[in-house]
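This report describes a predicted model. The structure is shown below for reference.

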2 protein chains.
Amino acid sequence: MTSIKDVANLAGVAVGTVSRVINNSGAVKPKTRQKVEEAIQELNYFPNEVARNFKMQKSKMVALLLPSIWNPFFSELAYYIEDELDREGYKLMLCNSGGKPEKELYYLDMLRQNKVAGIVGITYNDIENNVSNDIPIVSIDRHFNKKITCVTSDNYEGGRLALRELVKAGARKPAFMGSVTSVFSETMNRREGFIHEAQVLGVDYVIYEKPDPIVDNQAFISEFLQKHGDADGIFAITDMFAASYIDQASKQGIRVPEDVKVIGYDGIQDSPYFHPILSTIRQPVEEMARTTIRLLYDKIEGIPLEKQVYRIPVVFRQGETT
Amino acid sequence: MTSIKDVANLAGVAVGTVSRVINNSGAVKPKTRQKVEEAIQELNYFPNEVARNFKMQKSKMVALLLPSIWNPFFSELAYYIEDELDREGYKLMLCNSGGKPEKELYYLDMLRQNKVAGIVGITYNDIENNVSNDIPIVSIDRHFNKKITCVTSDNYEGGRLALRELVKAGARKPAFMGSVTSVFSETMNRREGFIHEAQVLGVDYVIYEKPDPIVDNQAFISEFLQKHGDADGIFAITDMFAASYIDQASKQGIRVPEDVKVIGYDGIQDSPYFHPILSTIRQPVEEMARTTIRLLYDKIEGIPLEKQVYRIPVVFRQGETT
């Protein structure tokens, strides 16, 4: 097997020089660097990353901690996160927590042992006391207290936009429908923006919500239909809620969009073949992913960040339900 | 920081004993093991995995190389693969190849450098010469020549089942519609099973296919509708093809299932809220994932496997299109 010594011999330089080239540390003359790189190529030398990590005490590995890769929003996010990491030679370790706090803690412990370079965390539980200060972390959709950087879609603007679009489509009594997490979550801003805009426009509105997680979706929507039969517009906190509402309402003879206009949030539905195609507030998934990784790089390099929360603009996407 | 020496001192044993407990290598008396484990707990000692990997020259990391985690079939697969790996303390590294051969080669090189414990590969390109013999690998859906173990759904039985279900639903001239990869792929057995069963039952049938990838889906289906307007049953090679066919056929006034019965393959559609709900051959994703990882463990341990191809039974799932 080729060793670093063979490379140094062929290039006519010291082993330390080859090491500096491989690790991109310390000054090396361009001409020397070229000679080393040529020798590496000619000998087909693979620096042993495990050994290198041992010396440098860090790995080029970033962990993505999320509830479930099976969810289409998270899998799209993971796709772009991996793509952005790969541009700088980082690899992605995937950790599904199932949304369970004990599994999240277990993974955070494991990640500490493994000395990952950084963590991207999507968690809806209150685990902030267990987030170690010594690992760079950027969270998505979720504030932590310990000055943890957070990247989200602009939920507040999304809520305002949804209200405006419902009114534009003819709704006179729009309703917000969603679940509320026990700790503050960025998604709550969807409701705040909705309320703000209704007040600005002087529109009568309904807020209907239950604690997260909502176990019985069907009962939740049934109750809404009983209590708020006069609502003629729905802004659902997620696309899945919107689709579930439409399904149940249609069984009661309510037509969408003729009787009730419906807007979801997420924009994960990307097949034009399955109906209804939801009108929705589209999360800028790709930009959220790339921004998250660029901020994580800054943290890894020790560069101070300007803000704690980065909000990426959203757009309304017209479907068949408004 | 706590070191392995501190643990050895507190437990009253030699450093080598602590090492054997941590690495689960060599004989340690149960009582001694307990003392060491208690000391580890008391000191909150995290064995440094990077250092351990360096000594053992391997990591507890398995790489998953797939076209795109964004695809719902692959994200479901990845979910169960990670879950199964986690049971034995392995971690999952995610690599999206975009289905491009050059990206697949790039990742295989990278994985060699990183000394992962094993690879799960989902690839549809002919990269078998670049698959190294020294890393345990199990592929999904794809044969390699070099005796690489492959786990697939039972595509042949799936094809037979689809033909039978179409006939049962009333189709008298069923058609197979799909794409053909340049190298042999397990998915081709879907067509073989379909043909076999049509011949057994003495049913007139149509085979309609083009080389993979089909760039213009719409033109592909248009041509089919022109050439084979008499087909009254469709077995599409994937659910996406089935959905695309239904969309285009309905624009020409063809009703599904009244005029044409349609069956897809995959069973990735798991929301009951979007229509049509496809009748489909469901891939046993969870069992494929868990089987793959268990076979990979055997390979890592050097246990010889009985077969080269493991085929997991499929089932028909009734939807709204037959």
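The sections below treat confidence, domains, strands, helices and two individual residues.

## Confidence of the model

The model is predicted, with an ipTM of 0.78 and a pTM of 0.80. For chain A the mean pLDDT is 88, and 91% of the residues of that chain reach 70 or more.

Residues 53-57 of chain A are an exception to be noted, since pLDDT stays under 50 over this stretch. The model nevertheless has 9 contacts beyond four places in sequence for these residues. Where pLDDT is low, predicted coordinates should not be read in detail.

## Domains of chain A

The domain assignment divides chain A into domain 1 (4-56), domain 2 (61-153 + 285-313) and domain 3 (155-284). Between domain 1 of chain A and domain 3 of chain A, the distance from one C-alpha centre to the other is 58 Å.

## Strand S5 of chain A and its partners

Strand S5 of chain A comprises residues 149-153, and 5 of its 5 residues are buried, so the strand is largely enclosed by the rest of the structure. In a regular strand the side chains alternate between the two faces of the sheet. For S5(A), both faces are covered. One side holds Thr149(A), Val151(A) and Ser153(A), the other Cys150(A) and Thr152(A), and all of these are buried.

S5(A) pairs with two strands described here. Strand S4 (residues 137-140) of chain A runs parallel to S5(A) and is joined to it by 3 bridges; Val138(A) stands opposite Thr149(A). Strand S11 (residues 309-312) of chain A is also paired with S5(A) in the parallel sense, over 4 bridges, and Val309(A) in S11(A) is the bridge partner of Cys150(A).

## Strands S9, S10 and S12 of chain A

Which strands of chain A pair with strand S10 (residues 279-282), and in which sense? Strand S9 (residues 261-266) of chain A runs parallel to S10(A), with 4 bridges joining the two. Within this pairing, Asp266(A) has Arg282(A) as its bridge partner in S10(A).

Strand S12 (residues 315-317) of chain A, by contrast, pairs with S10(A) in the antiparallel sense over 3 bridges. There, Thr280(A) stands opposite Arg317(A) of S12(A).

## Helix H3 of chain B

Helix H3 of chain B spans residues 30-43 and has 14 residues. From its first C-alpha to its last it reaches 20 Å, close to the 20 Å expected at 1.5 Å a residue. The buried residues Lys35(B), Val36(B), Ala39(B) and Ile40(B) belong to this helix. Because they cover an arc of only 135° around the axis, they lie on the same side of H3(B).

The face of H3(B) turned away from that buried side carries Pro30(B), Lys31(B) and Gln41(B), which are exposed. The helix is followed by Asn44(B), whose phi is positive, near 55°.

## Helix H9 of chain B

In helix H9 (residues 217-227) of chain B, the buried residues are Phe220(B), Ile221(B) and Phe224(B). They are placed on the same side of H9(B) because they cover an arc of only 90° around the axis. The opposing face, turned away from the buried side, carries the exposed residues Gln218(B), Ala219(B) and Gln226(B).

What do the buried residues of H9(B) pack against? Their partners in chain B are strand S6 (174-180), strand S7 (206-211) and helix H10 (239-251).

## Two individual residues

Leu92(A) is found in strand S2 (residues 91-96) of chain A. It counts as buried because it has 23 C-beta neighbours inside 10 Å. Leaving aside neighbours within four places in sequence, Leu92(A) is in contact with Val62(A), Leu64(A), Ile81(A), Glu82(A) and Leu85(A), as well as with Met93(B) and Leu94(B) of chain B. Pro174(A), 82 residues away from Leu92(A) in sequence, is 42 Å away in space, C-alpha to C-alpha.

Ile4(B) is found in helix H1 (residues 4-11) of chain B. With 17 C-beta neighbours inside 10 Å, Ile4(B) counts as partly exposed. Beyond four places in sequence, Ile4(B) is in contact with Val15(B), Val18(B) and Ser19(B). Val18(B) is 14 residues from Ile4(B) along the chain, and their C-alpha atoms are separated by 7.2 Å.

How values were computed
Residues numbered from 1 in each chain as written. Chains lettered and ligands numbered in written order. Predicted model: local features only at pLDDT ≥ 70, side-chain atom pairs only at ≥ 80, totals over all residues. pLDDT = per-residue confidence, 0-100. Contact = placed C-beta atoms within 7 Å. Expected span 1.5 Å × (residues − 1). Buried ≥ 20, exposed ≤ 12 C-beta atoms within 10 Å, placed from the backbone. Arc of directions from axis to C-beta. Pairing = 2+ DSSP bridges. Domains from an automatic or database assignment.
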